[in-house]
Amino acid sequence: MIADISDLSRFGSFISKQYAPDFFRLLVAYHDISASEAASQLGIHIQTSQEFLEAMTELHVLVRQECIEKKRPYFRYSLKKEVFHFQFKPEDLVNKSHANSLINNRIKEVKNAGAQFSLSRSGAYFSSVSIRQGKGRMSKMRKLSLTEAQGKFLYHLPYPDADALQIAEIMEIAKIDESYKAEIEHIVLELIKYQVIEKL
C-alpha cells in the first residue's frame, strides 16, 4: 500500500509509539471513534490523539467522516480495511530525474581536480579514487572504492584536454554491459558533486 520511503518512515515513527497498539485495539473494537473519545480511553492528550488519527488517515490506514454535534463539526475515524500490506521498492530511491539529466550531456575529467586514481592489481581498471576535501591543514582525503565496472568506466574517462563523451559512448569503449548503467551514473553524479567530473 505505502511505497514511498518517507511515508514508511512516518508510519514507523507513529506505529512505534507506546500507545499505538492500544489505538488499534480501539479501532477494531469500535465501529468508529473520535479523537476526544480515543484520548479519554487511552489517557493521552487530545492533540496527541488527533495527530495519530490524522497521520493514519493521510497514510490511508484510516478513513474519516465528518459529523455534526450541537452545530460543531468533528471527525470520526475507522479502519479502512482489516489487513494492510506495505510494499517498498528500493529502486524508487534512485533519483531517476537526476540520472536522466545526464543522458544528453557529455562528460570529462575536470582540469586540476586533484583526484588520485588508484589502479587495480591487474592494472586494467581503477580500484578507487581519492579526493582532497577542504584546504590547507584542515583538508582531508576522501577515498571512494569502485566496482570493477566503475573502475573500467573511469579508466576510459576523457582527460581534461580531450573531447568530452556521453556515458553510453564511454561504456561502449570500456566494453561495459548496459546492466551496469545505474552504478555508473551513480559514481558520475558523485564525482560531479566533488568537481572531479564536469558535464558539458
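Let's start where two helices touch: Asp22, Phe23 and Leu26 in H2 meet Ala38, Gln41 and Leu42 in H3. Sorted by class, the residues of this contact are four nonpolar, one polar and one charged. Before I go on, a reminder that what you have in front of you is a predicted model.

So how do H2 and H3 sit relative to each other? Helix H2 covers residues 20–29 and helix H3 covers residues 35–42, and their axes come within 11 Å and cross at roughly 120°. An angle of 65 to 115 degrees would count as roughly perpendicular and one over 145 as roughly antiparallel, so H2 and H3 are oblique to each other. Their crossing is right-handed.

Now follow H3 onward to its other partner. Helix H4 takes in residues 46–58, and the axes of H3 and H4 come within 8 Å, again crossing at roughly 120°. That makes this pair oblique as well, and the crossing of H3 and H4 is right-handed. On the H3 side, the residues in contact are Ala35, Ser36, Ala38 and Ala39, and on the H4 side they are Ile46, Ser49, Gln50 and Leu53. Here the split is five nonpolar, three polar and no charged. Keep an eye on Ala38, please: this residue of H3 meets H2, and Ala38 is also part of the contact with H4.

Let's move along the chain to the third helix pair. H6 and H8 pack at about 55°, with their axes 9 Å apart. That makes H6 oblique to H8, and their crossing is right-handed. From H6, the contact uses Ala149, Gln150, Phe153 and Leu154, while H8 brings Glu183, Ile184, Ile187, Val188 and Leu191. By class, the contact has seven nonpolar residues, one polar and one charged.

Several of those names come back in the largest nonpolar core. Which of its members touch the most others? Of the 24 residues in this core, they are Ile107, Phe153, Leu154, Ile167, Ile184, Val188 and Leu191. The elements giving two or more residues to the core are strand E6 (126–133), helix H6 (148–155), helix H7 (167–174) and helix H8 (181–193). Phe153 is a nice one to click on: setting aside neighbours within four places in sequence, Phe153 is in contact with Ile107, Ile167, Ile170, Met171, Ile176, Ile184 and Val188. Apart from this core lies another, of 18 residues, and among its members are Phe23, Ala38, Leu53 and Leu59. As general background, nonpolar side chains tend to be buried together in soluble globular proteins.

If you like backbone torsions, here are two residues for you. Most residues other than glycine have a negative phi. His60, though not a glycine, has a positive phi of about 65°. His60 lies in the loop between H4 and strand E2 (62–69), and at 45% relative accessibility it counts as partly exposed. Asn112 has a positive phi too, about 55°, and is not a glycine either. Asn112 is found in the loop between strand E4 (106–109) and strand E5 (116–119). Is Asn112 buried or exposed? With a relative accessible area of 73%, Asn112 is exposed.

Last stop, back towards the start of the chain. Ile5 belongs to helix H1, residues 5–15, and is partly exposed, with a relative accessible area of 38%. The C-alpha atoms of Ile5 and Phe23 are separated by 23 Å, and the two residues are 18 apart along the chain. Thanks, everyone!

Conventions
Residues are numbered from 1 along each chain as its sequence is written. This is a predicted model: local features need pLDDT of at least 70, side-chain atom pairs count only at pLDDT 80 or more; totals for chains, interfaces and linings use all residues. Side-chain values use heavy atoms; hydrogens and water are left out. Helices (H or I, at least four residues) and strands (E, at least two) are DSSP runs, numbered from the N terminus. Buried means under 20% relative accessible area, exposed over 50%, partly exposed in between (1.4 Å probe, protein chains only). Axes are lines fitted to C-alpha atoms, for helices over the stretch in contact, and angles run from 0 to 180 degrees between N-to-C directions. Angles under 35 degrees count as roughly parallel, over 145 as roughly antiparallel, 65 to 115 as roughly perpendicular and the rest as oblique. A crossing is left-handed if the near helix is turned anticlockwise from the far one by less than a right angle, and right-handed if clockwise. Contact means heavy atoms within 4.5 Å. Ala, Val, Leu, Ile, Met, Phe, Trp, Tyr, Cys and Pro count as nonpolar, Asp, Glu, Lys and Arg as charged, and the others, Gly among them, as polar. A nonpolar core is a set of buried Ala, Val, Leu, Ile, Met, Phe, Trp, Tyr and Cys residues joined through side-chain atoms within 4.5 Å.
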